[in-house]
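User: Please take a close look at the pockets in this model. I would like to know what lines them.

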Amino acid sequence: MDQILRRDGIMPSADLVIHSADIMVTMKGHSDSPACKEGMSEIGLIENGAVAVRDGKIVAVGSTEEVLADGWVGPYTVQINAQGKVVTPGFVDPHTHVIYAGSRENELSLKLKGVPYLEILRQGGGIHSTVRSTRLASDAEVKSQTRNRLKTMLSMGTTTAEVKSGYGLTLEEELRMLRLIKELDHEQDLDLVPTFMGAHAVPSGYTEEEFTDYVVEGMLPQVAFKGLAEFCDVFCEPGVFSVQSSERILKKARELNLKLKIHADELESAGGAELGAKMGVTSADHLLQASDQGISALAEQGVIAVLLPATSFNLAKNSYARARTMIEKGVPVAVATDSNPGSSPTESIPFVLTLACLYLRLTPEEAITAATINAAYAVGRAHQVGSLEIGKQGDILVLNVPNLNYLPYHFGNNPVDVVVKNGKIVWRV
Ligand code: NIG
Ligand code: FE
């Protein structure tokens with residue numbers, strides 16, 4: 001078992017101990033780099049497992065006999081008996097657009113008539129429609145609607161989430177969204193990782209080049225100066241931001257010491273993955289149409305592929321990213337909800353796990369890796385979250401499933417029994 005020293009009585013007992021888990025997934029063994037190839041199946045299983053948390057951090061992980069014998073349970077320790085259940089690290093959702101106001105169910109009928117996603121955008125709907133409703137909403141309204149979605153995410157096991165701006169599209173509105181992300185990070189339980197995505201769509205009145213100039217010269221320096229974002233992302237897609245425009249934006253962001261992400265090859269294969277590899281992005285996301293060369297380039301550079309099967313599902317084109325090819329070639333794969341009001345109106349990582357198995361053809365083990373440690377790497381938080389290891393945050397799930405296969409198998413409901421964040425129970429059935 002792994003634990004910090006306590007037998008001699010130096011350490012007081014734990015604040016919380018989860019014990020008797022039929023199966024405990026620790027994700028141990030990926031502390032140097034994201035899991036890839038066969039490594040994605042190595043999930044550090046412990047049978048009859050237990051984990052102890054003190055002052056928000058994990059202090060012991062092992063079998064129930066070991067952890068209980070070492071006296072981590074004291075008179076004030078909260079205990080959770082996870083018999084018949086599965087315990088995992090909290091899910092990390094590494095790609096969301098969860099901060100916005102309004103919704104777009106009106107686009108469903110257009111979609112059912114076959115109007116393409118980018119056509120709805122060109123007609124001033126899509127992202128532009130959410131930009132309008134978000135700009136009209138007060139800070140309090142945007143926060144309250146976003147807080148509700150974050151609550152849903154938490155109840156479904158997400159304990160850390162990346163959140164992108166991108167429904168502002170002016171300097172002032174983008175800074176407002178980033179400021180609200182920061183406030184929400186402090187005001188509720190999930191940890192939020194902020195990403196600046198001013199290059200989400202080209203607003204009317206601008207050419208792509210003019211708006212790219214604005215993002216590069218008018219927005220990015222201010223965003224970096226105010227320290228409101230860790231990552232910069234761009235919607236690199238023909239008809240939105242070309243490879244050339246995306247490269248200008250990512251280069252400027254890199255100069256300003258932001259880490260990089262890219263929405264690449266979602267609807268067309270146009271060199272997005274190749275650009276991501278060239279720019280050394282942390283993650284390239286979507287990748288439905290990524291070319292063989294693009295996938296090889298991602299593998300060579302160790303770029304994480306963040307795959308978004310709920311978006312593929314919701315675009316209803318029966319087209320999913322080539323996850324098996326990516327894994328075979330050595331690309332570390334993560335999964336995310338892409339939670340947004342247009343292409344993926346969901347908050348559910350459990351649903352994403354089902355889709356990841358059925359349509360990305362991941363095994364349940366690979367899917368869990370993709371939603372925990374690899375997702376943590378994709379948001380630059382692998383030293384804090386994504387696995388149950390000594391010193392990491394006590395972000396832990398008790399899942400009401402009898403075994404690992406059951407998790408993706410039984411879909412459409414919430415398998416989460418208890419959510420522990422920093423050692424505290426923050427949600428429970
Ligand atoms: O990742 N592709 C661009 N952005 C989002 C969609 C945002 C929206 O439709 O509101 C995505 O799918
Ligand atoms: Fe997205």
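**Pockets and their linings**

Analyst: Helix 4 is the main contributor to the lining of the second largest pocket, giving four residues. This is a predicted model. Helix 4 spans 127–136, and together with helix 3 it makes up the elements that give two or more residues to that lining. The second largest pocket holds about 310 Å³ of space. Its lining counts 16 residues. Nearest the centre lie Leu121, His128, Val202, Pro203 and Ser204. By class, nine lining residues are nonpolar, four polar and three charged.

Now the largest pocket. Its space comes to about 510 Å³. The lining has 27 residues, and Lys111, Tyr117, Asn314, Leu315 and Gly342 are the closest to the centre. Three elements give two or more residues each: helix 2 (107–112), helix 3 (117–122) and helix 11 (309–315). Helix 2 provides the largest share, four residues. The class count for this lining is 14 nonpolar, five polar and eight charged. Helix 3 thus appears in both accounts: it is listed for the largest pocket and for the second largest pocket.

One more site deserves a look: the metal. The iron ion (ligand 2) has four protein donors, His95 (NE2), His97 (NE2), His263 (NE2) and Asp338 (OD). They lie 2.1 to 2.4 Å from the ion. Along the sequence, the donor residues follow the spacing H-x1-H-x165-H-x74-D. Of these donors, His95 and His97 are both buried.

Key
Residues numbered from 1 in each chain as written. Chains lettered and ligands numbered in written order. Predicted model: local features only at pLDDT ≥ 70, side-chain atom pairs only at ≥ 80, totals over all residues. Heavy atoms only, no water. Donors = N, O, S within 2.8 Å, 3.2 Å for Na, K, Ca; no water. Buried < 20%, exposed > 50% of the residue type's maximum accessible area, 1.4 Å probe, protein only. 1 Å grid on protein atoms, 1.4 Å probe; cavity = no way out; pocket = protein on both sides within 12 Å on 5 of 7 lines; lining within 4 Å. Points joined across faces, edges and corners; volume = space filled by probe spheres on them. Nonpolar A, V, L, I, M, F, W, Y, C, P; charged D, E, K, R; others polar.
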